[in-house]
Amino acid sequence: MSKTIAEINEKIRKGQVVVVTAEEIIDIVEEKGLKKAAEEVDVVTTGTFGPMCSSGAFLNIGHSRPRIKLGGGKVYLNRVPAYAGLAAVDIYIGATALPDGDPRNSEHPGEFRYGGGHVIQDLVAGKDVELTAEAYGTDCYPRRRLETLINIRDINEAVLFNPRNAYQNYNVAVNLSDGTIYTYMGVLKPRLGNANYSSAGQLSPLLNDPLYRTIGIGTRIFLGGGIGYVAWHGTQHNPSVPRTERGVPKSGAGTLAVIGDLKTMDPSWLVGVSMTGYGVSLMVGIGVPIPILDEEVCRSVSVRDEEIWAPVVDYSDSYPNFKPEVLEEVNYAQLRSGKITVRGKEVPTGSLSSYAKAREIAGILKEWISKGKFLLTQPVASIPGAESGYTFRPLKERKP
Amino acid sequence: MPSKKLVLRFPAHLVDRPIIYRLVKDYDLTFNILKAQISPQEEGLLVFELSGEPRALESGISYLKGLGVHIQAFGEDVYRDEGRCTHCGVCVVMCPTGALSLDKETMLVSFDSSKCIACEACIGSCPPKAMQIRF
């Protein structure tokens with residue numbers, strides 16, 4: 001028996017929909033079997049909450065009197081530079097941007113206390129943000145300087161647009177060297193002192209739809225506490241990696257580009273973070289509903305942590321030098337147990353993404369759908385799949 | 001033997017005096033230094049565990065207070081800004097004493113300040129800067 005998204009939406013409207021989270025479906029399938037579970041459950045909700053550097057927001061701040069053309073000039077939000085290569089008052093603030101005067105890693109490891117991710121969180125929190133700008137002045141946009149407070153409530157648009165989020169699986173980072181290293185995967189202690197991972201595993205959106213059967217362009221999602229959409233496949237989308245028998249990728253694979261109205265979002269789900277020695281970023285909360293169209297979709301969402309494998313990679317050498325070496329393959333049940341074995345050594349594990357928050361997001365989305373506040377969408381196009389040949393390419397460096 | 005973990009702050013004018021020596025000699029106390037940060041002509045910081053007979057401990061501490069050393073109980077120093085903690089758990093592997101731990105059921109991180117030795121390993125490793133220290 002199969003269902004359509006239209007039928008599921010009809011049930012949502014009537015308050016008859018059966019929604020469970022990606023954790024709850026595991027036991028349901030175990031107890032009732034795939035066939036019965038697929039018949040009874042209409043939607044499974046997923047969630048993830050972790051640092052996602054490829055994130056940022058477009059702002060249209062409104063025109064000043066006299067007018068100023070920020071395009072081609074310089075713009076700062078709380079001293080953090082924003083991108084101004086657009087029309088007069090459109091800017092983009094990226095999550096990893098740092099103030100010009102930030103000491104960065106001049107005293108290693110740098111602290112990176114405030115940057116683009118924090119500006120975005122402050123904006124969403126409704127705080128006033130100081131905008132300073134320099135422009136060159138034109139006949140139609142004569143003004144050359146601007147210093148003002150802006151607030152998300154007053155500006156025309158604030159749109160979160162993240163080119164790469166929700167990684168389908170990820171590396172487990174370790175350090176084989178004799179010194180501590182400071183990475184985007186956190187502080188890694190020498191000689192396999194710790195192993196850091198970053199995925200919600202069995203709760204993670206793309207790990208529950210490994211072959212992108214239901215998640216596509218136009219899929220409505222939970223984004224940063226508000227409503228968003230899948231805009232495209234994310235940058236570095238790499239569906240052509242080795243997979244398990246059930247199609248679950250064994251390393252970082254698919255990614256999503258997502259978009260949504262920042263004005264509807266919440267600062268608890270968009271958190272500016274500082275990675276010592278690395279830089280700033282933004283923790284983003286994403287939840288994707290998966291319509292249980294048939295048994296095959298139901299089988300995919302019943303995936304467990306022990307069936308999802310991730311590569312352990314040395315971030316002191318293999319990663320920085322872009323070498324493909326994998327030390328071990330471990331699964332998320334092992335990672336979440338608190339320790340894994342690498343080269344015969346027991347190594348404690350730490351997580352960069354919050355499983356507790358991923359679970360909370362899946363719960364919120366479940367509630368929205370149960371209460372009829374959130375309808376599912378039919379994707380308008382698919383994202384490149386495992387058989388597409390679409391892949392991730394290294395830079396081909398050439399002399400200019 | 002009773003012991004107390006303390007954070008001492010020495011004003012600049014006390015930094016070059018043999019204060020800890022007096023605690024040992026005159027008050028018969030033993031100590032175990034957990035952390036020390038002293039630079040000449042500046043404020044000094046000492047985190048240590050002081051042990052001895054209860055009465056001796058008390059008089060040793062009043063001796064320190066009498067000199068103008070600022071004393072703070074130690075767990076109070078490192079704290080968690082609950083609003084900023086995302087419970088990712090990346091601090092747990094950095095914590096040498098188990099003061100930070102992850103509940104396998106709820107997947108929430110808890111902080112037991114009585115186990116904290118103020119090594120500050122969590123502070124640099126916390127992405128949202130929820131772990132903080134008072135100075």
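These are my notebook entries on a predicted model with a chain A and a chain B.

**Entry 1: chain B by itself**

I started with chain B and counted its elements. Chain B has three helices and eight strands. Reading from the N terminus, I wrote down the order as β-α-β-β-α-β-β-β-β-α-β. Then I looked up the extent of chain B. Its C-alpha atoms fill a box of roughly 50 × 35 × 20 Å, taken along the principal axes.

**Entry 2: where the chains touch**

Next I turned to the interface. How many residues of each chain are in contact with the other chain? I found 29 residues of chain A in contact with 20 residues of chain B. The area buried between the two chains comes to about 1700 Å². Carbon and sulfur atoms give 60% of that area.

I then checked for charged pairs. The rule finds zero salt bridges across the interface of chain A and chain B. Polar contacts are another matter: eleven residue pairs across this interface are in polar contact, both residues being at pLDDT 80 or more.

Which elements of chain A supply at least two residues each to the side that touches chain B? My list has two helices, α3 (116–124) and α6 (355–370), and two strands, β18 (270–275) and β24 (345–351), of chain A. β18(A) gives the most, with five residues. I also sorted the residues on this side of chain A by kind: ten are nonpolar, 14 are polar and five are charged.

**Entry 3: a sheet in chain A**

I moved on to a sheet in chain A. It is an open sheet of three strands, in the order β1-β2-β20, and the pairing is mixed. Why do β1 and β20 of chain A each have one side without a neighbour in the sheet? Both β1 (19–21) and β20 (289–291) stand at the edges with a single partner strand, so one side of each is left free of a neighbour there. I noted the turn between neighbouring strands too: on average it is 25°, with direction ignored.

A reminder to myself: strands of a sheet pair through backbone hydrogen bonds, either parallel or antiparallel. For β1(A) and β2(A) (residues 43–45), I read off a parallel run joined by three bridges. Within this part of the sheet, T21(A) stands opposite T45(A), a residue of β2(A).

**Entry 4: the helix across the strands**

Last, I looked for what lies across β1 and β2 of chain A. I found helix α2 (residues 24–40) of chain A there. Helix α2(A) runs at about 110° to β1(A).

Note on methods. Residues are numbered from 1 along each chain as its sequence is written. Chains are lettered from A and ligands numbered from 1 in the order in which they are written. This is a predicted model: local features need pLDDT of at least 70, side-chain atom pairs count only at pLDDT 80 or more; totals for chains, interfaces and linings use all residues. Side-chain values use heavy atoms; hydrogens and water are left out. Contact means heavy atoms within 4.5 Å. Buried area is the accessible area (1.4 Å probe) that two parts lose on being put together, summed over both. A salt bridge is a side-chain nitrogen of Lys or Arg within 4 Å of a carboxyl oxygen of Asp or Glu. A polar contact is a pair of N or O atoms within 3.5 Å; within protein, one must be able to donate a hydrogen and the other to accept it, and residues adjacent in sequence count only if both atoms are side-chain atoms. Helices (H or I, at least four residues) and strands (E, at least two) are DSSP runs, numbered from the N terminus. Ala, Val, Leu, Ile, Met, Phe, Trp, Tyr, Cys and Pro count as nonpolar, Asp, Glu, Lys and Arg as charged, and the others, Gly among them, as polar. Two strands pair if DSSP finds at least two bridges between them. Axes are lines fitted to C-alpha atoms, for helices over the stretch in contact, and angles run from 0 to 180 degrees between N-to-C directions.
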